[in-house]
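Work through the exercises below with the sequence and the model open side by side. Each task is followed by a solution that proceeds step by step.

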Amino acid sequence: VLLDKDTYGYMGVIFDPNVRNIDGIMIQEVSSGSAAEKSGIKKGDILTNFGDIKVSSFEDYFKNVILKVDVPVGIKLEREGKNIDTTLIPQKGTYE
């Protein structure tokens, strides 16, 4: 999906920038009704892969999710020591 300059892919999460030394990025908050909530992502989950991309920083995540809108993407999470595979369909976000 091609995006114009005013739109971007939106997952609906806030990451915890203070959590370091983990294999991925930790979810601090999940927005109600968001793509993340619909795919089963929960507060405290660690996002480890977005599609085929290993996520080790917010930048890894951002430069990939921003390009995807309404396109199913396989993601990998870690929750309480268990690996979870699910599918996320990023929503369209707009710059205001």
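## Exercise 1: strand β4 and its partners

Strand β4 is mostly covered, since 5 of its 5 residues are buried, where buried means under 20% relative accessible area, exposed over 50% and partly exposed in between (1.4 Å probe, protein chains only). Strands here are DSSP runs of E with at least two residues and helices are runs of H or I with at least four residues, both numbered from the N terminus. The model is predicted, so local features need pLDDT of at least 70 and side-chain atom pairs count only at pLDDT 80 or more, while totals for chains, interfaces and linings use all residues. Residues are numbered from 1 along each chain as its sequence is written, and side-chain values use heavy atoms, with hydrogens and water left out.

Task: determine which strands β4 is joined to by bridges, and how they run.

Solution. Begin with the criterion that two strands pair if DSSP finds at least two bridges between them.

- Step 1: β3 and β4 run antiparallel and are joined by 2 bridges; the bridge partner of Ile25 in β4 is Leu47.
- Step 2: β4 and β6, also antiparallel, are joined by 4 bridges, and Phe50 stands opposite Ile75 in β6.
- Step 3: between β4 and β5 there are 2 bridges, again with an antiparallel course, and here Phe50 stands opposite Ile53.
- Step 4: β4 and β5 form a hairpin with 2 residues between them, and Gly51 in the turn has a positive phi of about 65°.

## Exercise 2: the largest nonpolar core

Task: find which residues of the largest nonpolar core touch the most other members, and which elements supply at least two residues each.

Solution. A nonpolar core is a set of buried Ala, Val, Leu, Ile, Met, Phe, Trp, Tyr and Cys residues joined through side-chain atoms within 4.5 Å.

- Step 1: the largest such core has 16 residues, of which Met11, Val13, Ile41, Leu47, Tyr61 and Ile75 touch the most other members.
- Step 2: at least two core residues each come from β2 (13–15), β3 (25–30), α1 (35–38), β4 (46–50) and β6 (73–79), and β6 gives the most, with 3 residues.
- Step 3: when residues up to four places away in sequence are not counted, Tyr61 touches Met11, Val13, Phe15, Ile25, Leu47 and Val55, a contact being heavy atoms within 4.5 Å.

## Exercise 3: salt bridges

Task: locate the salt bridges of the whole structure and state, for each partner, whether it is buried, partly exposed or exposed.

Solution. The criterion is a side-chain nitrogen of Lys or Arg within 4 Å of a carboxyl oxygen of Asp or Glu, and a search of the whole structure finds 3 such pairs.

- Step 1: the side chains of Asp23 and Lys54 meet at 2.8 Å, N to O. Asp23 lies in the loop between β2 and β3 and Lys54 in strand β5 (residues 53–54), so this pair ties together parts that are 31 residues apart in sequence. Asp23 is partly exposed at 45% relative accessible area, and Lys54 is partly exposed at 47%.
- Step 2: Asp45 forms a salt bridge with Arg79, with the closest N and O atoms 2.7 Å apart. Because Asp45 lies in the loop between α1 and β4 and Arg79 in strand β6, the pair ties together parts that are 34 residues apart in sequence. Asp45 is buried at 1% relative accessibility, whereas Arg79 is partly exposed at 22%.
- Step 3: Asp85 and Lys76 form a salt bridge in which the closest N and O atoms are 3.4 Å apart; Asp85 is exposed at 58%, and Lys76 is partly exposed at 39%.

## Exercise 4: the surroundings of Gly74

Task: describe where Gly74 sits and which residues it touches.

Solution.

- Step 1: Gly74 belongs to strand β6 and is partly exposed, at 41% relative accessibility.
- Step 2: leaving out residues up to four places away in sequence, Gly74 touches Asn49, Phe50, Gly51, Thr86 and Thr87.
- Step 3: the C-alpha atoms of Gly74 and Thr86, which are 12 residues apart along the chain, are separated by 5.9 Å.
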